[in-house]
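Student: I would like a close look at the salt bridges in this protein, with enough of the overall fold to place them. Could you take me through the partners one pair at a time?

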Amino acid sequence: AKNGTTSEKLLSIIQQDSVKEEIRNAALITISVGGNDILKLNKEMGLVEGSKQLGSTRKKYKENLTKILSLVRKENPYAVIVLSQLYNPVHFDGIFVKLASSFLNDWNRDIANISEKFAPIVTIKTNKLLTLETKSTWAYDEIHPNDIGYDLIAKEMIHELSKLGIKKVKF
């Protein structure tokens, strides 16, 4: 994860020779991508136009994520991949609350479904950890986690890795 990086940008980054070499030598690879794809959407659009743009953005994200994971697996078939799902850092009013929740649930279901093809992999249900109700404790700014937020994610990562039987990763 890197502030501002979209799935398209990450796809470009991992095709660089130096990054491929890092992937080949990794035992654990963490990926958190997709939030910036959504944040780059035109927020001035109406509901109908915005829904269309969300649909096309989601489709492109799914394509990019599949390519990213395929490239990672091509370079390193054995490393454990830890893939973070998306969370909602933005409070919406009225009908948009339900729409945002439904959209993120669908998006996260896509992440889980795609990831199943690239074992060994775990997905971190970040949306269950970083909620709007607890945002004042985990948020660094309007979008990104602070140390408490990252600690929550790290603990969940350890929990999920232990389900794979991984007790210790040597760095």
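Tutor: What follows sets out the fold and then turns to the salt bridges.

The model is a predicted one, and the protein in it has 8 helices and 3 strands. Read from the N terminus, the elements follow the order α-α-β-α-α-β-α-β-α-α-α. The strands form an open sheet in the order S1-S2-S3, with parallel pairing, and its edges are strand S1 (28–31) and strand S3 (121–124), each of which pairs on one side only. From one strand to the next the twist averages 20°. Strand S2, residues 80–84, pairs with S3 in the parallel sense over 4 bridges, and Val 82 has Val 122 in S3 as its bridge partner. Helix H8, residues 147–163, packs on this sheet and touches S1, S2 and S3, while its direction makes about 145° with that of S3.

For the protein as a whole, buried residues account for 38% of the 171 residues. Of the contacts between residues at least 6 apart in sequence, 74% join residues that are at least 24 apart. The accessible surface comes to about 10500 Å², and 56% of that area belongs to carbon and sulfur atoms.

Now to the salt bridges themselves. Side chains of opposite charge can pair when their charged atoms come close, and a search of the whole structure finds 8 salt bridges. One of them joins the side chains of Arg 24 and Glu 75, with an N to O distance of 2.4 Å. This pair links distant parts of the chain, since Arg 24 belongs to helix H2 (residues 17–24) and Glu 75 to helix H4 (residues 47–75), with their positions 51 residues apart in sequence. The two partners can also be described by their accessibility: Arg 24 has a relative accessibility of 38% and therefore counts as partly exposed, whereas Glu 75, at 16%, counts as buried because its value is under the 20% cut-off.

A second salt bridge is formed by Asp 106 and Arg 109, whose closest N and O atoms are 2.5 Å apart. Here both residues lie in helix H5 (residues 95–115), and their separation of 3 residues is about one turn of the helix. Asp 106 counts as partly exposed at 25% relative accessibility, and Arg 109 is likewise partly exposed, with a relative accessible area of 47%.

A third example returns us to the helix that packs on the sheet, helix H8. In this case Glu 160 forms a salt bridge with Lys 163, and the closest N and O atoms are 3.2 Å apart. Because they are 3 residues apart in helix H8, Glu 160 and Lys 163 are separated by about one helical turn. Glu 160 has a relative accessibility of 11% and so counts as buried, while Lys 163, at 56%, counts as exposed. Beyond single pairs, salt bridges that share partners join Glu 21, Arg 24 and Glu 75 into one network, so the link between Arg 24 in helix H2 and Glu 75 in helix H4 is best read together with Glu 21 as a part of that network.

Key:
Residues numbered from 1 in each chain as written. Predicted model: local features only at pLDDT ≥ 70, side-chain atom pairs only at ≥ 80, totals over all residues. Heavy atoms only, no water. Pairing = 2+ DSSP bridges. Helix = DSSP H or I, 4+ residues; strand = E, 2+ residues; numbered from the N terminus. Axes fitted to C-alpha atoms, helices over the stretch in contact; angles between N-to-C directions. Contact = heavy atoms within 4.5 Å. Buried < 20%, exposed > 50% of the residue type's maximum accessible area, 1.4 Å probe, protein only. Areas by Shrake-Rupley, 256 points an atom, 1.4 Å probe, with all protein chains shown as cover. Salt bridge = Lys/Arg side-chain N within 4 Å of Asp/Glu carboxyl O.
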